[in-house]
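Let's take a friendly walk through the charged side chains of this protein. Have the viewer ready as you read.

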Amino acid sequence: MATAVSRRDRRISPVFLGLVAIMGVSGWAVWTDFSASPGFAVFLFVVSGWVVSLCLHEYAHARTALHGGDISIGAKGYLTLNPLKYTHVALSIVLPVIFVIMGGIGLPGGAVFIERHRIRGRWKHSLISAAGPLTNVAFAAALTAPFWLGALDGVPEVFRYALAFLAMLQVTAAILNFLPVPGLDGYGVIEPWLSYRVRRQVEPYAPFGLLAVFGVLWIPGVNHVFFDAIDGVMRALGVSEWETYWGQEFFRFWQGEPQLTP
């Protein structure tokens, strides 16, 4: 099935390569303290890294769908990792970045349009939905590897904080996306196993699932419980609340450069 996709359809987009370059340069600026504004460099590093992870998230959906039987994926441009090819750029890129800026919450939205009628088998449908958040899990594991491997010697303090905050976004994205809420990947995992009647009843609410979850997270009690759980996961990965806190403080460069305390 994958052979039906041309080399041009699989060619990595210059847009994605540009995002990776921004992430690399801004990460270097944070590491070397080259930037006149460390906070702005952290902001660029985190935002570009976040958008790169969004591209990989959607690519995972598309690639899994391709191998599941939807050979239309290549013609849509989803395999190029170009965020501009997604069916809902606002839901996939703009809103998630706004969520990060407003509340430090990583919440990617659905983007790739998959022709589900081409795919046979409920397990394949579930795996397609799970592929995206599993990519966030893998990204989080890679970002936190220096922490849980105890390999932080020589890593500059501010870079460590930026890495911790970006990793926390991946953890929140994975957890939230696995919620069985219509419009999120978690619901996509269980949807094939639901009756036709239930699917039809739930379908009208799918476009509002993402916003509903974000709205619920603004409830102080829910927000507190949620971030306590996130902090627990991060501690298990070797990242302290102190490190994610200062990562977010540097990220919010518009509030002024934070003054690190001992």
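Let's begin at Lys85, which counts as partly exposed because its relative accessibility is 44%. Please keep in mind that this is a predicted model. Lys85 sits in the loop that runs between α3 (38-68) and α4 (89-103). Together with Arg7, Arg8, Arg10 and Arg11, Lys85 forms a positive surface patch.

**Salt bridges**

How many salt bridges does a search of the whole structure find? The search returns four. Three of them are set out here, each with its N to O distance.

| Pair | Closest N and O atoms |
|---|---|
| Arg118 and Asp70 | 3.7 Å |
| Arg118 and Glu115 | 2.6 Å |
| Arg160 and Glu243 | 2.9 Å |

**Around Arg118**

Arg118 appears in a salt bridge with Asp70 and in another with Glu115. Which residues are linked in a network of salt bridges? They are Asp70, Lys76, Glu115 and Arg118.

Take the bridge from Arg118 to Asp70, with its closest N and O atoms 3.7 Å apart. Arg118 belongs to the loop between α4 and α5 (122-148), while Asp70 belongs to the loop between α3 and α4, so this pair ties together parts that are 48 residues apart in sequence.

Are these side chains buried or partly exposed? Arg118 counts as partly exposed, because its relative accessibility is 36%. Asp70, in contrast, is buried, as its relative accessible area is 0%. Glu115 also counts as buried, at 17% relative accessibility. A residue is called buried when its relative accessible area is under 20%, so the 17% of Glu115 meets that cut-off.

**From α6 to α11**

The side chains of Arg160 and Glu243 meet in a salt bridge, at 2.9 Å from N to O. This pair links distant parts of the chain, since Arg160 is in helix α6 (residues 157-177) and Glu243 is in helix α11 (residues 241-251), 83 residues apart. Glu243 counts as buried, with 8% relative accessibility. Arg160 is buried as well, with a relative accessible area of 17%.

To bring the two sites back together: the bridge between Arg118 and Asp70 ties parts that are 48 residues apart in sequence, and the one between Glu243 and Arg160 links parts that are 83 residues apart.

Technical notes. Residues numbered from 1 in each chain as written. Predicted model: local features only at pLDDT ≥ 70, side-chain atom pairs only at ≥ 80, totals over all residues. Heavy atoms only, no water. Patch = residues over 30% accessible without salt bridge, like charges linked within 9 Å, V, L, I, M, F, W, Y side chains within 5 Å. Areas by Shrake-Rupley, 256 points an atom, 1.4 Å probe, with all protein chains shown as cover. Lys, Arg positive; Asp, Glu negative; His and termini not counted. Charge placed at Lys NZ, Arg CZ, Asp CG, Glu CD. Helix = DSSP H or I, 4+ residues; strand = E, 2+ residues; numbered from the N terminus. Buried < 20%, exposed > 50% of the residue type's maximum accessible area, 1.4 Å probe, protein only.
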